[in-house]
Amino acid sequence: MKDEEKTGEQLINELEVLRLQNKHVEKRLKFQRSKLLSVCDGISGIIYVSDPATYEILFVNKTLRNLFQKNLTGGICYKEFQGLESPCDFCTNDIILKDKGKPYKWEYYNPLLDRTFMIEDKIIKWPDGRDVRFEFAVDITDRKKAEEAIGHRLEFTDTVKRISSRFIGISNIDEAINNSLTDIGIISGAGRAYLFYISKDETTMSNTHEWCAEGVLPQKDMLQNVPVTAMPWWMEKFYKGEVIHITDVSKLPAERQSEKELLESQDIKSLLALPLYVKGKLSGFIGFDNVIRTGSWSDGDLALLRVSSEIIGNAYERKLAEEALRESENKYRAIFENTGTAIAILEEDTEISLVNTKFEQYTGFNRSKTAGGKSCCEFFRSFLGEAEGAFSLNDVPQNYGSQLVDKMGNTKDIIINVTRLPGTSKFVVSLLDVTEQKRIEKQLKYLSFHDTLTGLYNRAFFEEEMLRLGDERHLPIGIIMCDVDGLKLVNDTLGHHAGDELLIAASSVLKKCFRGSDIVARIGGDEFAVILPKSNRNVVERACRNIRDVLTKYNASNTEYFLILSIGFAVKEEPCASMAELFKEADYSMYREKQHHKESARNAIVQGLTRVLEARGFITESHTDRLQRLVASMAEVTGIPEQNRADLRLLAKFHNMGKVGVNDRILFKPGPLTNEERSVIQRHCSIGHRVALSAPDLALIAEWILHHHEWWNGEGYPLGLKGEDIPLECRIFAIADAYEAMTSDRCRQKAITHEEAVKELEKYAGSQFDPVLTMKFIQILNYFKSV
């Protein structure tokens, strides 16, 4: 029938059919889009969607909204994200449009956010059929900064070690001080590094050594005999042993005007100054100026600068003592007695003619035991360990490294310096105590080869051992790889402190399983590796079984953290394969095992989290039973299928799973919560959602866990869903959970009566709760009360 032949009623009916069809399509598109955006909004990474043709932002997830503190949807991407007026010259739209569906990965620093991101872009289909740009980004700023900080710390540590070694047996101390100031100035990023020494009468101070970066004007010549009274605030802090740390000179208060004027006259923007003490007395200070920009030094840098300053200060004091000795033989006795170094004077025939008080104190032997007729060689052979080199007076000056055992039996690391007393036939032997320096060097060496969290060897040491043990002498040789399963899940739920405890537990298990000759190392965030020299396949397999046995015993006795390790190994019995290939084979073996029990490992971890919930009182049998009965009754009345009713009962038990990641101090706080504390608690929905997705048995209720605190009026959390956009099961659960909470004692409130609880439900029907479901729930309650 032609259109002009149709009746008006027929045309109206056809139009109504078309309208209903369009409405159905629109509703389906809206549901698909809402579902997609809901999932994206719950992801902790950054997600946004834009139209590659118009650059219009179609969607940004919660993480990105929080970063920019506003809703960017509808804006233009290069304006909102980059602050530009035209498309970015590094835009990847052309690349991903050319290879549709293929992801493009790249790294980018955003100057507006001052953050670095690892980005993956690809073209996807939008619910309306358009090709749109989908971008997923992970913030790697902290990782970048951590890598830079570690590199800087290692470089700083090497500098301190170099400075420490430089002053052992040095003859030109001035040159060593200047070189050390240069090293420290460069590594700390200062523009100027210098040493001030206070005069003996404590009235003036002078700049004795100085290093300046390129383009920075020296100040040393203008800073001689500066009155101590010119810097009262500095001197007051130095006498208290405190550090001067000025991050911005221009912001010094009015009462620091004299110091401010002196610093600004030298174009100093920020500075750090550390006091130098000799024998408990303030003798000067070492300073570091920044003339380019304001800023501050980290606590780690400050600690290493303190060590460097102490080494330089001690060396400078030693320099002054040696100069005083050379100045005049008539004055040497006073200096000899008052110097902080243990010194003995030898005659030409090596007889000890004099020792100072420090020598007596240091060795524990008085002058009668040492001076007067006793040969220094005889004395040193009796009380010194074997020196690094033959002790002799034929070729001086000389330095010997050794150890001294004092009268009390204490062993000390020393440097013996032997030099001729100028203008005489006598010799001066000084004992320099380097025990602390040796301890620091040993500690620095330990830190450079060990993982600070677990105490195992680190990756740097492991790789060095791979090279050392790679020759035929150590064959057969095995490598065992271990990976801590579920570490990220533990970090995301219980926090990084719990993840650290898990890593420490893993290291403890591994330490029990290997010989002293085996190299056990933590080579990555959750990865451990072991090298077993002179070990055939039977030995390595037995070691793997031993790990599993110890692991089983650990998990049986530890209820707080459940530890699961994926283990793989490889054995090299012939010299043809390289250690790198052996490592790769062991790593692949471990990866296969990890994939094999990936699902069971996650279930075990979730069971462990459930035990934590039960221990903290979030899963109790009585509470769960009441809540399950309530939601089951509502589900039956509303016609929810039986399968969904079973899932609702699961929700009643595990809805609070995310609270394992919230601090007990907040969860059980008796008084009202602050806004910040409330925000922390609200994260439990997202945490629980991630945990549930990791467990196959709970994955079906993951979305409900995420949405069970949404409000009917859209004012709930975490996504602010509204009305029927909230899943029906979540709306039912919210009413039942609220009633159960009101009629039970909680840490922040006492239980109220049934009648009072019903009034509260009626009060919030239409705002917090679905009004229709609320009335049905109240009818069910009244029915139960009447039966």
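**Two open sheets, a helix and two buried serines**

The accessible surface of the protein chain comes to about 40900 Å², and 51% of this area belongs to carbon and sulfur atoms; such areas come from the Shrake-Rupley method with a 1.4 Å probe, and for residues only the protein chains shown count as cover. The model is predicted, so to speak with a filter: local features need pLDDT of at least 70 and side-chain atom pairs count only at pLDDT 80 or more, while totals for chains, interfaces and linings use all residues. Residues are numbered from 1 along each chain as its sequence is written, and side-chain values use heavy atoms, with hydrogens and water left out.

Of the 787 residues of the protein chain, 46% count as buried, where buried means under 20% relative accessible area, exposed means over 50%, and partly exposed lies in between (1.4 Å probe, protein chains only). Among contacts between residues at least 6 apart in sequence, 54% join residues at least 24 apart; a contact here means heavy atoms within 4.5 Å. The secondary structure comes to 29 helices and 20 strands. These elements are DSSP runs numbered from the N terminus (helices: H or I, at least four residues; strands: E, at least two).

One open sheet has 5 strands in the order β2-β1-β5-β4-β3, with antiparallel pairing; two strands pair if DSSP finds at least two bridges between them. At its edges are β2 (57-60) and β3, each of which pairs on one side only. Neighbouring strands of this sheet are turned by 25° against each other on average, direction ignored, with axes taken as lines fitted to C-alpha atoms (for helices over the stretch in contact) and angles running from 0 to 180 degrees between N-to-C directions.

Within this sheet, β3 (residues 104-110) is joined to β4 (residues 115-125) by 7 bridges, the two strands running antiparallel. One pair to look for is Trp106 with its bridge partner Ile119 in β4. The two strands form a hairpin with 4 residues between them, and Asp114 in the turn has a positive phi of about 55°. Moving on, β4 pairs with β5 (residues 131-139) in the antiparallel sense over 9 bridges, and Ile124 has Val132 in β5 as its bridge partner.

Strand β1 (residues 46-50) holds Ser50, which is buried with a relative accessible area of 1%. Ser50 touches Glu56, Ile57, Leu58, Val132 and Arg133, not counting residues up to four places away in sequence. The C-alpha atoms of Ser50 and Ile123 are separated by 9.9 Å, although these residues lie 73 residues apart along the chain.

A further open sheet of 5 strands follows the order β13-β12-β16-β15-β14, again with antiparallel pairing. Its edge strands, β13 (352-355) and β14 (398-405), each pair on one side only. For neighbouring strands of this sheet, the average turn is 25°, direction ignored. Between β14 and β15 (residues 411-420), which run antiparallel, there are 8 bridges; Leu404 stands opposite Lys412 in β15.

Elsewhere, Ser566 is found in strand β20 (residues 565-572) and is buried, with a relative accessible area of 0%. Its side chain and that of Asp485 are joined by a polar contact of 2.8 Å. Such a contact is a pair of N or O atoms within 3.5 Å; within protein, one must be able to donate a hydrogen and the other to accept it, and residues adjacent in sequence count only if both atoms are side-chain atoms.

Finally, helix α22 (residues 642-654) has 13 residues and reaches 19 Å from its first C-alpha to its last, close to the 18 Å expected at 1.5 Å a residue; the expected span is 1.5 Å times one less than the number of residues. Its buried residues are Arg645, Asp647, Leu648, Leu651, Ala652 and Phe654.
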